[in-house]
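Please look over the sequence and the structure below before reading on. The report that follows moves from one residue to its surroundings, and then to other parts of the chain.

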Amino acid sequence: MIDLESMARALRLSFHNDHGLLVLEEAFVVPGSTCTIMINNNFSRVISKNSENLKRIIQLQVEPSLIHSRIYLPVNQACRLFTIWLDREVVYNYSTGMINAWLSGKRFGESVGLIGVVKHEEQLSVQGNFKPAEDSSTVITGIEIEKRANGAIISFSASGNPTQFSLLKPDAEGYVYLSFEKASCDINTLSTIYSGGVVKAITPKQLADGGLQFAVALDNKSFAITSVEFHRDEKNNRYVLYVRSNADVQEIRKKEKEQQIAKVISRDVEKWKLNTIVLDAGHGGKDPGAIGFNGTHEKDVALNIVHDLGTFITQKWPDVNVVYTRKDDRFIPLHERGRIANQSGGKLFISVHCNASPNRNARGSEVYILGPHKSKAALDVAMFENSVIRQEADFQEQYKGFSEEHLIMSSMAQNAFAKQSTALAQDILKPVERQAVNNARGVRQAGFMVLWTPSMASVLVEVGYLSNAEEERMLRDRQVQSKIAYGIFQGVQSYRKNYETSCMASLAE
Ligand SMILES: [Zn+2]
């Protein structure tokens, strides 16, 4: 036998008992219905709450009986009644003595139902040898919470006779309701808010019918609550709630997020890392470039410097991939150089050249970036370096976009790298200048076709004038070439340092 009021409370129904007439009401359903049960009458009536129309009659196999002013039904009959009326499964399990009920959703397996458990403290029998506990015989005297890595154990210590109790498993908000049939407690003392664990708060409430309900608020946002079990510790007169949760979800989420960020950063670092440097020795093959007073070929000086520069980079930074547009004396079209650079995923493009001028006194090194020229001299250098395209078979087709107006456009396209290119040029200029050979003449910009294609920070270094007899003598010196290469390397080194620092800083933001 089960008392229908306890069951109604567990199923979150409201009810009122009027001397053998029990009216149960769907409290949270709109419009909902009421179900009226009378003692000694095996017909219960279901009435629609808004229209008061009789919806149906549920016939009970047994007449409800009144025991100590409560209405009782055999447990299987009670389950059947609630199942039919509420249209959701309420099932009694004979072996465990528990009732499982879907609190929302309609049937087993349909939507995510919440499971309510009503457990009998004592075995009731139809014969009527059941003696309900005396009124207020149970006093909940204290609550203890024991935090565990995987949950918490909440013990309600009690004095007096045992009482019936029921447990509603966590709802969507994480509330667990523990109800005692006839019990009391010091409401103020036992109302507690906890912090830093799966249990947030415990709030007792004295119910009008003499029952006592504890609302246990669980933190189901931070913790994945896997089970809530109830245990009656008869020996110590305690009611024990076991809350099990998986590890701290927030902590796990935080770690996941950190890992994600680390992954993104490492991917970005990979993307921005100066891990590939493209070295371009000017001219080559049939194109000797400038020819010095004493017959020195620009293409040879450039190749030696590039070779040494590549060696410095590889020695110092084994992790950096050095790509050469040419490693020997061969002709490579200008557009092809940019294509090689782009294909290799280069992050820097350094083109090495020697200058020449009708003015035999002209001397010094210059570092160029792509852009509209600002002086006739810069234009002349670019014109000379570009002139090689006439030796290329289909130059008109290949460079048709390259005009003065287009240059402005394409230098704007290169704008993403303009700042970096300028910084690189400045960094290179300083140490190159220090190599006493040269009288550095500054960072300039002009329309170098070779700088047109590469999608990366790109500079063109004019290491000195082959048209100047003294500079030519020095530039053909293998040691001087090596020193110049080292000067460029120092520039790249300081550029790399600043570049990676600022990239990391911007990624950290
Ligand atoms: Zn050149």
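## V461 and the largest core

Leaving aside its neighbours within four places in sequence, V461 is in contact with I350, V352, H353, S365, V367, I428, V432 and I488. The structure in which these contacts are found is a predicted model, and everything said here about positions and contacts should be read with that in mind.

V461 belongs to the largest nonpolar core, which has 59 residues, and V461 is among those with the most contacts inside it, together with L348, I428, V459 and I488. Helix α12, residues 478–508, supplies the largest share of this core, namely 9 residues. A second core, separate from this one, has 51 residues, including L4, L11, W85 and A158. As a general background to such groupings, nonpolar side chains in soluble globular proteins tend to be buried together.

## A mixed sheet of six strands

An open sheet is formed by 6 strands in the order β23-β22-β24-β27-β25-β26, and their pairing is mixed. At the edges lie β23 and β26, each of which pairs on one side only. On average, and with direction ignored, neighbouring strands of this sheet are turned by 25 degrees against each other. Helix α5 packs on the sheet, where it touches β22, β23, β24 and β27, and its direction makes about 145 degrees with that of β24. Helix α7, residues 376–386, also packs on the sheet, touching β24, β26 and β27, and the direction of α7 makes about 60 degrees with that of β26.

## Strand β25 inside the sheet

How many of the 5 residues of strand β25 are buried? The count is 5 of the 5 in this strand, which spans residues 366–370, so β25 is largely enclosed by the rest of the structure. E366, Y368 and L370 point one way from β25, whereas V367 and I369 point the other way, and all of them are buried. This pattern can be set beside a general rule, which is that in a regular strand the side chains alternate between the two faces of the sheet.

The pairing of β25 shows what is meant by a mixed sheet, for β25 pairs with strand β27, residues 457–465, in the antiparallel sense over 3 bridges, while its pairing with strand β26, residues 443–446, is in the parallel sense over 4 bridges. Y368 can be followed in both directions, since its bridge partner in β27 is L460 and its bridge partner in β26 is R444.

## Helices α5 and α6

V306 is placed in helix α5, which covers residues 298–316. Is V306 buried or exposed? A residue counts as buried when 20 or more other C-beta atoms lie within 10 Å of its own, and V306, with 26 C-beta neighbours inside 10 Å, therefore counts as buried. Not counting residues up to four places away in sequence, V306 touches L279, A281, Y324 and V352. V306 and I350 are 44 residues apart in sequence, and their C-alpha atoms are 8.9 Å apart in space.

In helix α6, residues 334–343, the buried residues are L334, R337, G338, I340 and A341. Seen down the axis of α6, these buried residues fall within an arc of 155 degrees, so they line one face of the helix. The elements that cover them include β22, β23 and β24. After α6 comes G345, whose phi is positive, near 70 degrees.

## Two residues with positive phi

S69 is not a glycine, and yet it has a positive phi of about 60 degrees. This residue is in the loop between β7 and β8, and with 10 C-beta neighbours inside 10 Å it counts as exposed. H283, which is not a glycine either, also has a positive phi of about 60 degrees. The place of H283 is in the loop between β22 and α5, but H283 counts as buried, because it has 26 C-beta neighbours inside 10 Å.

## Strand β12 and its partners

Strand β12, residues 138–148, and strand β13, residues 151–160, pair in the antiparallel sense over 10 bridges, and a hairpin joins β12 to β13 through 2 residues. Within this pairing, G142 has S157 of β13 as its bridge partner. β12 also runs parallel to strand β16, residues 183–185, to which 3 bridges join it, and here the bridge partner of I140 is C185.

How values were computed. Residues are numbered from 1 along each chain as its sequence is written. This is a predicted model: local features need pLDDT of at least 70, side-chain atom pairs count only at pLDDT 80 or more; totals for chains, interfaces and linings use all residues. A residue is buried if 20 or more other C-beta atoms lie within 10 Å of its own, exposed if 12 or fewer, and partly exposed in between; C-beta atoms are placed from the backbone. Two strands pair if DSSP finds at least two bridges between them. Two residues are in contact if their C-beta atoms, placed from the backbone, lie within 7 Å. The arc is that of the directions from the helix axis to the C-beta atoms. Axes are lines fitted to C-alpha atoms, for helices over the stretch in contact, and angles run from 0 to 180 degrees between N-to-C directions. A nonpolar core is a set of buried Ala, Val, Leu, Ile, Met, Phe, Trp, Tyr and Cys residues joined through C-beta atoms within 7 Å.
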